[in-house]
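User: Please take a close look at one part of this structure and describe how that part is placed and what surrounds it. I am new to this model, so explain the terms as you go.

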Amino acid sequence: MTLPDANRLTDQFLAFTKIDSPSFHEGEMAAYVKQVFQDLGIVLHEDDANKYYGSQTGNLYGCWQGTLPGEPILFMGHLDTVEPAYGRHAVLHEDGTITSAGNTVLGADDQSGLAEIVEAIRCIQESHTAHRTIEFLITFGEEAFDKGSRKFDFSLLKARQAYTLDLEAPVGTASLWEPTLISFTVDIRGRSAHAGFHPEKGINALTAAAELIHSLPIGRVDPVTVLNIGLINGGTAVNAVPDHVVMKGELRSRSHETALSLLKKIQDTAKECAEKIRAKANVEYEIALHEYCIDEKEPVVKRYEAACAKAGITSVLSGSFGGSDNNQFAQHGGRGIVIASAMYNCHTVHEYTRISDMVQVARIVMNLMTMEEDEKDEAAVTVSDQ
């Protein structure tokens, strides 16, 4: 089988980074990705999920018919990047590292993953290697808590096992679980008054907000649960008692039940802190992600371990407090894992990738696409015996 071409893979990645694609503005990127796949003989269809958000594009999905027996395998990635994203300029360094120019993200999250999938397909086609039937789902709005995949009709796909290329970790790492994520807004209403002449007539909403923060277990709540309040806004002037405060935060937990319990604690505590000073508090929330966990003995994991071993790469099984489109796939009965895709320092202007790492990931993807079931079983035994 033809091995990944580092130069071609690099060129494809750089081509992706030339297109601005912040969340909900991925129209040009979607058109380009469809053309790249079409040139490979694979038609990507676009759904209408963008109508829910006013996005420039819907989700892209398609199927590459194979000749090897077995159910289809799904590969997922996403079109969008976080901001700052406009005017991206990738810089290729002599050591094979690719960075941004320093004023935007690079977009390796998730365009390294897209480039690796494309290179794997090219190598398989060039060598005329038999492969499984492969399905693709490339989403919009993933960085906005899976907005695109939340509205995707997963009944359009036949695959029940998936690999999502969207993990910041050393090559060979796979995440078998991701958390429930609940975002929330606390709205506290007090009463305004002049802080110099009549402070006693006011009800200071900031006082309730401070008490709430003090009363909550901000940070790491337990080994699998975290809580953060990241935004707070209130007050109009230094000489006015603030009557309105808005706080925004999120909580993540590997346990859905624990997440719901912590949410109730936030709601109850907010009400108690407000009532102490005769203010009112309201908590609105959204369950953006629902946790899932894949057992390391499941076929989707064993196949990944075997694909890594075949590429001479050590596999590492872990979990992630991130979140991905795989959360949505899991909620529709799918069994999938998220695999490292050669992206580092994501969501910062210091983001980078390495050409050598992208080549390794492309090899893993090729092996996943061309591996027969019995080959997977044999390789898995080899890995366990080492």
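Analyst: What follows is a close look at helix H5, with two buried residues from elsewhere added at the end.

This is a predicted model, in which local features need pLDDT of at least 70 and side-chain atom pairs count only at pLDDT 80 or more, while totals for chains, interfaces and linings use all residues. Residues are numbered from 1 along each chain as its sequence is written, and side-chain values use heavy atoms, with hydrogens and water left out.

Helix H5 spans residues 205-215, and its buried residues are Ala 205, Ala 208, Ala 209 and Leu 212. Helices (H or I, at least four residues) and strands (E, at least two) are DSSP runs, numbered from the N terminus. Buried means under 20% relative accessible area, exposed over 50%, and partly exposed in between, with a 1.4 Å probe and protein chains only. Seen down the axis of H5, the buried residues lie within an arc of 100°, so they line one face of the helix. That arc is taken from the directions from the helix axis to the C-beta atoms.

The cover over these buried residues includes strands E10 (180-189), E12 (225-234) and E13 (244-253), as well as helix H6 (256-276). At the N-terminal end, H5 is capped by Asn 204, which has a side-chain oxygen 2.8 Å from the backbone nitrogen of Leu 206.

The axes of H5 and H6 come within 9 Å and cross at roughly 140°. That makes H5 oblique to H6, since angles under 35 degrees count as roughly parallel, over 145 as roughly antiparallel, 65 to 115 as roughly perpendicular and the rest as oblique. Axes are lines fitted to C-alpha atoms, for helices over the stretch in contact, and angles run from 0 to 180 degrees between N-to-C directions. On the H5 side, the contact (heavy atoms within 4.5 Å) is made by Ala 208, Glu 211, Leu 212 and Ser 215. The H6 residues in it include Lys 265, Ile 266, Thr 269 and Ala 270.

Two residues outside this helix are also buried. Arg 132 sits in the loop between helix H3 (108-126) and strand E6 (134-139) and has a relative accessible area of 2%. Its side chain reaches the backbone oxygen of Glu 71 at 2.7 Å. Asn 326, in helix H8 (residues 325-331), has a relative accessible area of 1%. Leaving out residues up to four places away in sequence, Asn 326 touches residues including Met 76, Thr 164 and Tyr 292.

How values were computed: A polar contact is a pair of N or O atoms within 3.5 Å; within protein, one must be able to donate a hydrogen and the other to accept it, and residues adjacent in sequence count only if both atoms are side-chain atoms.
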